[in-house]
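I opened this notebook to keep a record of what I looked up, topic by topic. The entries below follow the order in which I went through them.

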Amino acid sequence: MKKILPFILLAGIGFLSFSCDNKDDVVVTKDYDTISQSFDINPNFTKVSDNLYRWSDAFINPLVQSDMVLIYMQVGTDGDSPIWKLLPYTYYVGNPNNDAVDYIYEFSKYGATININSTSTFNLTANPSYYQGKRFRVLILPANATGTGGAKMANNNVVDYKDYNSVIKYYNIDESKIKTK
């Protein structure tokens, strides 16, 4: 019995030393498929009807399923800085009919489409300023962190996607590198 006791004691000490290891096996990985992309477009819209104009474009590479697309329209400037409105956006013409022009978009993993349509009493063909010379900014963003209304930031603030500057800051988009497609 005296010969077995040191082996039992050694086994117990070995067991305790391994069970007290406090090293968490954290593996740090880098996510390579959630890179934000941005580009500007000055599209030439195609007439579908007098009240509907459309622009469509295919992405060079299909999007990852969790990616999302946001499209902003430049609606003016504040000094040298453009003012961006998130689509969908409705512009009220201000005529007696209370006509409106809607700027909307849709996207799939293969491409995006922008539609400009007006109320039935407002002819877009006769008013080309509503579809010509427009500038849009397309942001392709990783959506894996989003929830209802926005993405959670590190300090638990929610990104307001209607606020272009908030989106640019959250996704670390360098505006100086945005090219026109």
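**Entry 1, around Pro88.** I began with the contacts of Pro88, which, leaving aside neighbours within four places in sequence, touches Tyr103 and Ile104. I noted at once that this is a predicted model, and that every value I write down here should be read in that light. Pro88 sits in the loop between S5 and strand S6 (89-92), and the peptide bond that leads into Pro88 from Leu87 is cis, with omega near 5°. I then asked myself whether Pro88 is buried or exposed. Its relative accessible area is 62%, and because exposed means over 50%, Pro88 counts as exposed. I also looked up the spacing to Glu106, which lies 18 residues from Pro88 in sequence and 9.6 Å from it in space, taken C-alpha to C-alpha.

**Entry 2, the sheet that holds S6.** I next followed S6 into its sheet, an open one of five strands in the order S2-S3-S8-S7-S6, with antiparallel pairing. Strand S2 (46-49) and S6 are at its edges and have a single partner strand each, so one side of each has no neighbour in the sheet. From one strand to the next, I find that the twist averages 20°. At the S2 end, S2 pairs with strand S3 (residues 52-58) in the antiparallel sense over three bridges, and within S3 it is Tyr53 that stands opposite Lys47.

**Entry 3, the other sheet.** Which order do the strands take in the open sheet with mixed pairing? I read it as S5-S4-S9-S1-S12, five strands in total. Its edge strands are S5 (81-86) and S12 (179-180), each of which pairs on one side only. Inside this sheet I looked at strand S4 (residues 67-78) and strand S9 (residues 136-142), which run antiparallel and are joined by seven bridges. Asp67 has Pro142 of S9 standing opposite. As a reminder to myself, strands of a sheet pair through backbone hydrogen bonds, whether parallel or antiparallel.

**Entry 4, positive phi values.** I checked two asparagines for their backbone angles. Asn98, although not a glycine, has a positive phi of about 60°; it lies in the loop between S6 and strand S7 (100-107) and is exposed, with a relative accessible area of 52%. Asn172 likewise has a positive phi, near 50°, in a residue other than glycine. Its place is in the loop between H2 and S12, and at 68% relative accessibility Asn172 counts as exposed.

**Entry 5, Ser166 in H2.** From that loop I stepped back into helix H2 (residues 164-170), where Ser166 is found. Ser166 has a relative accessibility of 16%, and because buried means under 20%, Ser166 counts as buried. Not counting residues up to four places away in sequence, I find Ser166 in contact with Val159 and Asp160.

**Entry 6, the cavity.** Last, I asked how many cavities of 30 Å³ or more the structure holds, and the count is one. The largest cavity has a volume of about 40 Å³. Its lining is made up of Phe39, Trp55, Asp57, Phe59, Ala112, Val138 and Lys181. By class, I recorded five nonpolar residues, two charged residues and no polar ones in the lining of the largest cavity.

Methods. Residues numbered from 1 in each chain as written. Predicted model: local features only at pLDDT ≥ 70, side-chain atom pairs only at ≥ 80, totals over all residues. Heavy atoms only, no water. 1 Å grid on protein atoms, 1.4 Å probe; cavity = no way out; pocket = protein on both sides within 12 Å on 5 of 7 lines; lining within 4 Å. Points joined across faces, edges and corners; volume = space filled by probe spheres on them. Nonpolar A, V, L, I, M, F, W, Y, C, P; charged D, E, K, R; others polar. Buried < 20%, exposed > 50% of the residue type's maximum accessible area, 1.4 Å probe, protein only. Contact = heavy atoms within 4.5 Å. Pairing = 2+ DSSP bridges. Axes fitted to C-alpha atoms, helices over the stretch in contact; angles between N-to-C directions.
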